[in-house]
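Trainee: Could you take one part of this model and walk me through it slowly? I'd like to see how a single helix sits among its neighbours.

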Amino acid sequence: MKKFKRVFVPFVVFSLLVAPMSVLTPASAESIQEIAETEEVVDFENLPIQLAEGVTLEELAEAINEPRILESKNVTIIESSTADEVIGERQMVFSPNAAPVEKEDDSKFDFGVFTYDEAAEADAANEVDESDMNQVRASKPMSGYPRPVGVFFDHFMTADWAGGDIYSNVKVSAVIGSVSSVSATHSITRSVTKDGKYRVERTNKPYWRLPYVNLTQDRVRANAETYWWSGEFTGTVTFQSGNSAPINTLKEVKSILTNNKGEIYPDYVDPQSNIKLIKPDADMVRQKRARDLDRDAYERRYEGYFGAPQYFSWNEVEIHHMIPLEYYGKNDFDNLIPLLKKGYKNDYILIHEEVTDWWRSYRKN
């Protein structure tokens, strides 16, 4: 554990959240007034915040559209635990000289809730006569409500291809204020297309008291098959006041494509052309197309668009059909990508055998 040392940087206010406005941002005249009142009554400087290692306070402030949490001097960074290890997660291959390629959003906040917790002044009233309440309110700013509270979760998909298992993983990545418990439904889901309808395969129902950053997590397992896999996480967060709020999906969550062995289809971008390896649907039917590829013509066209290869030589690569001919893949330029031949070594080029091996367990035929 180590204390967070805040660096002041220019802050651009915007929201990454797509959850209902009534939960995450002021949506009515009453709530706008309520939030405005917190300018005077909330002690943001002493607001307790826990963050996972690698998450910044600035990122959290942007995510919840609340720049005032940057005032907090009560921020703790929780180091990652060994239980956090990712099995079989592959990374994109990039050349240091390649043009920028669009990546998936790697924000830590995939699910969560942030609100201003409203609680009665009962605690103070029980201790002080009503005649003295004005003095209590003036001397104890934090006894005035609402106060900011929230909890956020990171989602990631992994696979253990040695055991033939797929996992949806959710862990707590940030906590603001006093959170009492989380009651959730966590499901691993699957679809035949990345952007298609995902159906639930298996479900856990975690219940966490005092959710703790990086240590509070849940994993749902499914048997490997050729599908696009993702996860869902819904439920309720209860605050120490007794109030509660629903967990919202903050952005599109992670998904992976596996074959029947549980091998994840590789992410790869050709370092010279920025051609991205196409990821197929999971329901293609075998229908053989004849190989009709003029390799010399392909090499001339590639060099005409992207210049002479800087990261490989033509004699060390295969011209790979991204959608295989076996599944009626075309011989068109847009379906082709150079991959490394077996027996060659190259730090920039994906090995052709790795992709063709994945396709051997594509479906149960």
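Mentor: Sure, let's take helix 6, and start on its outer side: R300 and G304 are exposed there. Keep in mind as we go that this is a predicted model.

Helix 6 covers residues 295–306, twelve in total. From its first C-alpha to its last it reaches 16 Å, close to the 16 Å expected at 1.5 Å a residue. Opposite the exposed side, Y298, E299 and Y302 are buried. Looking down the axis of helix 6, you'd find those buried residues within an arc of 100°, so they line one face of the helix.

The two ends have details of their own. At the start of helix 6, D294 brings a side-chain oxygen to within 3.2 Å of the backbone nitrogen of D296. Just after the helix, G307 adopts a positive phi of about 90°.

Now for what lies over that buried face. The cover for the buried residues of helix 6 includes strand 15 and strand 16. These two strands pair with each other in the antiparallel sense, over five bridges. If you want a spot to check on screen, H320 stands opposite I337 in strand 16. Strand 15 is mostly covered, with four of its five residues buried.

Helix 6 shares those strands with another helix. In helix 7, residues 352–359, the buried residues are H352, V355, W358 and W359. Seen down the axis of helix 7, they fall within an arc of 135°, so here too the buried residues line one face of the helix. That face packs against strand 15 (317–321) and strand 16 (336–340), and also against strand 14 (256–258). Put together, strand 15 and strand 16 are among the elements covering the buried residues of helix 6, and the buried residues of helix 7 pack against both of them as well.

For some context, let's step out to another part of the chain. Strand 7 runs over residues 179–191, and eleven of its 13 residues are buried, so it is largely enclosed by the rest of the structure. Strand 7 has several antiparallel partners, including strand 11 (residues 227–239), with twelve bridges. There, V179 stands opposite F239. With strand 8 (residues 199–204), strand 7 makes five bridges, again antiparallel, and R190 stands opposite R199. With strand 9 it pairs antiparallel over three bridges, where the bridge partner of S183 is Y207.

Right by strand 9 you can pick up P211, in the loop between strand 9 (207–209) and strand 10 (217–223). P211 is buried, with a relative accessible area of 6%. Leaving aside residues up to four places away in sequence, P211 touches V172, V175, V179, S180, S181, V182 and T216. P211 and V237 sit 26 residues apart in sequence, with 9.8 Å between their C-alphas.

Zooming all the way out, the protein has seven helices and 16 strands. Of its 365 residues, 48% count as buried. Among contacts between residues at least 6 apart in sequence, 75% join residues at least 24 apart. The accessible surface comes to about 18700 Å², and 47% of that belongs to carbon and sulfur atoms.

Methods:
Residues numbered from 1 in each chain as written. Predicted model: local features only at pLDDT ≥ 70, side-chain atom pairs only at ≥ 80, totals over all residues. Heavy atoms only, no water. Buried < 20%, exposed > 50% of the residue type's maximum accessible area, 1.4 Å probe, protein only. Arc of directions from axis to C-beta. Contact = heavy atoms within 4.5 Å. Expected span 1.5 Å × (residues − 1). Polar contact = N/O pair within 3.5 Å; in protein donor to acceptor, adjacent residues only side chain to side chain. Pairing = 2+ DSSP bridges. Areas by Shrake-Rupley, 256 points an atom, 1.4 Å probe, with all protein chains shown as cover.
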